[in-house]
Amino acid sequence: MSALQAIPTPHGIEILNSELKNTVTQYRLIGALTHDAASDALHSFHTATIETSYYDENGVLTFILNLPIETHFDEYLHRIDVLDSQNQAVIECPTPKIALAKGIGGIVTLKAAISGQAGDVVFKHGEYVTETELFELYMSPLENKIKNIPIYPEVLNSENRLNVALNDTKLTIGDNQKIRFYGWLDVDLDKWSSAISEFVAEPEKTYHLRFELGVGFNLFDLSSLSYNPDQLLQTDTSFDSTYSNALLAIVQNGMIITLTNAPQYLLHGVNSSYMGAKYYIDVPITLNWSVTPRYVHPAVNGWAEDNKDAWQRVFAAIKSQDRQSIVARFSGAETNIYATTGGSPVITETSNQYISIIGGVNTNQGMAYLENSISYTILAGV
């Protein structure tokens, strides 16, 4: 039997909205020998203790009763009353007119229009949890937490970037693309893609292309006070992807830059800079991630060789970072420092010195760890 809507009596409204609500512990079955008996022919034929009362996930007062299955009643059930310690009815619940023969009964749930703190238990008769109580009080909140795991969106292709193009002022999106939210919920973008054809990107403006779970695509003008009331720069962290809202691309100066949407980022490719006689070099790394990285360790170090086969110490630190790029600062104990591959110097000319960095391949070089939801690596060395 599904949940039945119960009606508080005038006496019950007073009791259930006071500290006396925990005295409401009994129920009684009201019925008659026939299913069509008049109301004045009804009588009480069974009284017992309720199993539990609590406020459900919506804050609605709920009573769980266990009607006896092994007992045979001659009466048809017409109504269930819930009673206080003075045996006065606090709620009355009309029921389907059922003959309660042996084998018919079990758990019945009553809902009364009395509000309280969701999850609060008012009364519990036994130590065991009923099935309804389990799902409403414990499983439902847990299920909501599981559904909303704090994992950033992921575009499901090898590059983790949306296949989208800008033609003049119009955007077009490729077919058969998906975004994964919360680490488990895959959203097919085909059914949302028609909205993109309506967007117009004026060449002199800057826009953010976003996809919000349950809403779909939107193209936001950075100069719009509704989207950007404080007129922040487009690189501001407040525009980063959130768990349910993916920043997919930046449209700027008539060009589109697609951003990587993934909960972790592995850098690919080598960035080299001429060091010359400097004590340090700053190496910019193109990132174009949908979120701003946060590094765990401010600086680390590794070894490099000079052209005299003397080992020197190389220090790596993150000088600056935002959603679009990272600047890594590499410095040495003296000049003539080279990046190495497993101990072998990388030398193009004896007069030039280079530091190269690449993500995720060579663990015996200096490392700077960055993370968003989990860590990823920038390595000194190729």
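**Entry 1: a loop with an unusual backbone angle**

I began with Asn87, which sits in the loop between strand E6 (76-83) and strand E7 (89-99). I was working from a predicted model, as I noted at the top of my page. I looked up the backbone angle and found phi of Asn87 near 60°, a positive value in a residue other than glycine. I flagged that because most residues other than glycine have a negative phi. Next I asked whether Asn87 is buried or exposed. I got a relative accessible area of 49%, so I wrote Asn87 down as partly exposed, since the exposed class begins only over 50%.

**Entry 2: another asparagine, in a hairpin**

I then went to Asn253, which lies in the loop between strand E17 (245-252) and strand E18 (255-258). Phi of Asn253 is also positive, near 55°. I read a relative accessible area of 59% here, so Asn253 goes down as exposed.

How do E17 and E18 pair? I found them antiparallel, with four bridges. Across the pairing, Val251 faces Ile256 in E18. The hairpin of these strands has two residues between them, and Asn253 with its positive phi belongs to that hairpin.

**Entry 3: the nine-stranded sheet**

I traced the strand order of an open sheet and wrote it as E3-E2-E6-E7-E1-E8-E5-E4-E9, nine strands with mixed pairing. Which strands stand at the edges? They are strand E3 (43-49) and strand E9 (121-124). Each has a single partner strand, so one side of each has no neighbour in the sheet. I also noted the twist, which averages 25° from one strand to the next.

Within this sheet I checked one pairing by hand. Strand E1 (residues 4-8) runs antiparallel to E7, and two bridges join them. Ile7 is the residue opposite Glu92 in E7.

**Entry 4: the three-stranded sheet**

I found another open sheet, made of three strands in the order E10-E13-E14, with antiparallel pairing. Strand E10 (154-155) and strand E14 (185-188) are the edges; each has a single partner strand, so one side of each is left free of a neighbour in the sheet. E10 connects to strand E13 (residues 178-181) by two bridges, again antiparallel. I marked Val155 and its bridge partner in E13, Ile179.

**Entry 5: Asp221 and its surroundings**

I picked out Asp221, in strand E16 (residues 216-221). Its relative accessibility is 15%, so I recorded Asp221 as buried, the cut-off being under 20%. What does the side chain of Asp221 touch in a polar contact? The partner is the side chain of Lys205, at 3.1 Å. Setting aside neighbours within four places in sequence, I listed the contacts of Asp221 as Lys205, Thr206, Tyr207 and Tyr227.

**Entry 6: aromatic rings**

How many aromatic pairs does the whole structure hold? My search gave seven. One of them is Phe220 with Tyr227, a stacked pair with 4.4 Å centre to centre and 10° between the planes. I looked up both partners: Phe220 is partly exposed at 26% relative accessibility, while Tyr227 is buried at 16%. I had already met Tyr227 among the contacts of Asp221.

My last jotting is a cluster: ring pairs link Phe181, Trp192, Phe211 and Phe217.

Terms used:
Residues are numbered from 1 along each chain as its sequence is written. This is a predicted model: local features need pLDDT of at least 70, side-chain atom pairs count only at pLDDT 80 or more; totals for chains, interfaces and linings use all residues. Side-chain values use heavy atoms; hydrogens and water are left out. Buried means under 20% relative accessible area, exposed over 50%, partly exposed in between (1.4 Å probe, protein chains only). Two strands pair if DSSP finds at least two bridges between them. Axes are lines fitted to C-alpha atoms, for helices over the stretch in contact, and angles run from 0 to 180 degrees between N-to-C directions. A polar contact is a pair of N or O atoms within 3.5 Å; within protein, one must be able to donate a hydrogen and the other to accept it, and residues adjacent in sequence count only if both atoms are side-chain atoms. Contact means heavy atoms within 4.5 Å. Rings of Phe, Tyr and Trp (its six-membered ring) pair if their centres lie within 6.5 Å; planes under 30 degrees apart count as stacked, over 60 as edge-to-face and the rest as tilted.
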